[in-house]
Amino acid sequence: MTIKEIQEEIIEEFSMFEDWMERYEYIIELGKSLPLIKETYKLDENLIVGCQSKVWLHSEIDGDKIKFTADSDAILTKGIVAILLRVFNNQKPKDILDTNLYFVDKIGLKEHLSPTRANGLVSMIKQIKLYALAFQSKLS
């Protein structure tokens with residue numbers, strides 16, 4: 001699936017919920033389904049700077065696509081990471097860099113997070129794009 005198709009799917013899923021309490025519960029459930037990151041990747045160098053919670057993000061190139069694994073010590077944050085990985089995992093670096101990440105605004109995610117969590121969300125997206133930039137330059 002393309003990044004755009006995945007974003008549309010997420011928007012559709014979130015439109016099924018009537019209020020933000022249901023959406024928070026769904027995000028937490030998504031976090032529980034996030035594949036476990038290897039303990040060897042839970043290093044300080046994989047921590048995302050700017051997050052209130054601890055968030056580890058590891059990436060590696062597989063062919064011409066990036067594979068991400070992540071974890072967090074906070075359940076809601078883990079769910080947010082799960083959504084981002086759903087969008088960006090197994091995508092080409094160029095596609096990640098060219099993406100207009102509109103689903104965040106469409107579902108109202110950023111405005112329903114605390115300011116520190118919203119900053120963390122921005123930091124996670126920024127780190128994913130930095131990884132994509134690094135891999136793109138290696139592939140070029």
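Which residues form a negative surface patch? The exercises below start with this question.

**Exercise 1. Name the residues of the negative surface patch and place one of them.**

Step 1. This is a predicted model, in which local features need pLDDT of at least 70, side-chain atom pairs count only at pLDDT 80 or more, and totals for chains, interfaces and linings use all residues. Residues are numbered from 1 along each chain as its sequence is written, and side-chain values use heavy atoms, with hydrogens and water left out.

Step 2. The negative patch consists of Glu18, Asp19, Glu22 and Glu25. Patches are made of residues with over 30% relative accessible area and no salt bridge; like charges are joined within 9 Å, and nonpolar side chains (Val, Leu, Ile, Met, Phe, Trp, Tyr) within 5 Å. Lys and Arg count as positive, Asp and Glu as negative, while His and the chain ends are not counted. A charge is placed at NZ of Lys, CZ of Arg, CG of Asp or CD of Glu. Accessible areas come from the Shrake-Rupley method with a 1.4 Å probe, and for residues only the protein chains shown count as cover.

Step 3. Glu18 sits in the loop between α1 (3–15) and α2 (20–32). Helices (H or I, at least four residues) and strands (E, at least two) are DSSP runs, numbered from the N terminus.

Step 4. With a relative accessible area of 76%, Glu18 is exposed. Buried means under 20% relative accessible area, exposed over 50%, and partly exposed in between (1.4 Å probe, protein chains only).

**Exercise 2. Describe the chain as a whole.**

Step 1. Count the elements: the chain has six helices and two strands.

Step 2. Read their order from the N terminus: α-α-β-β-α-α-α-α. The radius of gyration of the chain is 14 Å, close to the 14 Å that the globule rule gives for 140 residues, so the chain is as compact as a globular protein of that length. This radius is taken over C-alpha atoms, and the globule rule is 2.2 Å times the number of residues to the power 0.38.

Step 3. The C-alpha trace spans about 45 × 30 × 25 Å along its principal axes. Of the 140 residues, 46% count as buried.

**Exercise 3. Find what Lys32, Lys42 and Asp64 pair with, and state where each pair lies.**

Step 1. Side chains of opposite charge can pair when their charged atoms come close. A salt bridge is a side-chain nitrogen of Lys or Arg within 4 Å of a carboxyl oxygen of Asp or Glu. The structure holds nine salt bridges.

Step 2. Lys32 pairs with Glu29, with 3.3 Å between the closest N and O atoms. The two residues are three apart in helix α2, which means that about one helical turn separates Lys32 from Glu29. Lys32 is exposed at 60% relative accessible area, whereas Glu29 is partly exposed at 46%.

Step 3. Lys42 forms a salt bridge with Asp71 (2.9 Å, N to O). Lys42 lies in the loop between α2 and β1 (55–62) and Asp71 in strand β2 (residues 65–72), so the pair ties together parts that are 29 residues apart in sequence. Lys42 is partly exposed at 26% relative accessibility, but Asp71 is buried at 7%. A network of salt bridges links Glu39, Lys42, Asp71 and Lys78.

Step 4. Asp64 bridges to Lys92, the closest N and O atoms being 3.6 Å apart. This pair links distant parts of the chain, 28 residues apart: Asp64 is in the loop between β1 and β2, and Lys92 in the loop between α3 (75–88) and α4 (93–98). Asp64 is partly exposed at 36%, and Lys92 is partly exposed at 37%.

**Exercise 4. Describe the backbone and surroundings of Asn90.**

Step 1. Asn90 has a phi near 60 degrees, a positive value in a residue other than glycine.

Step 2. Asn90 lies in the loop between α3 and α4 and is partly exposed at 34% relative accessibility.

**Exercise 5. Decide whether Phe103 and Ala132 are buried or exposed, and give a C-alpha distance for each.**

Step 1. Phe103 belongs to helix α5 (residues 103–106) and is buried at 0% relative accessibility. Its C-alpha atom is 14 Å from that of Ile27, 76 residues away along the chain.

Step 2. Ala132 belongs to helix α6 (residues 115–139) and is buried at 0% relative accessibility. The C-alpha atoms of Ala132 and Asp95 are 8.8 Å apart, with their positions 37 residues apart along the chain.
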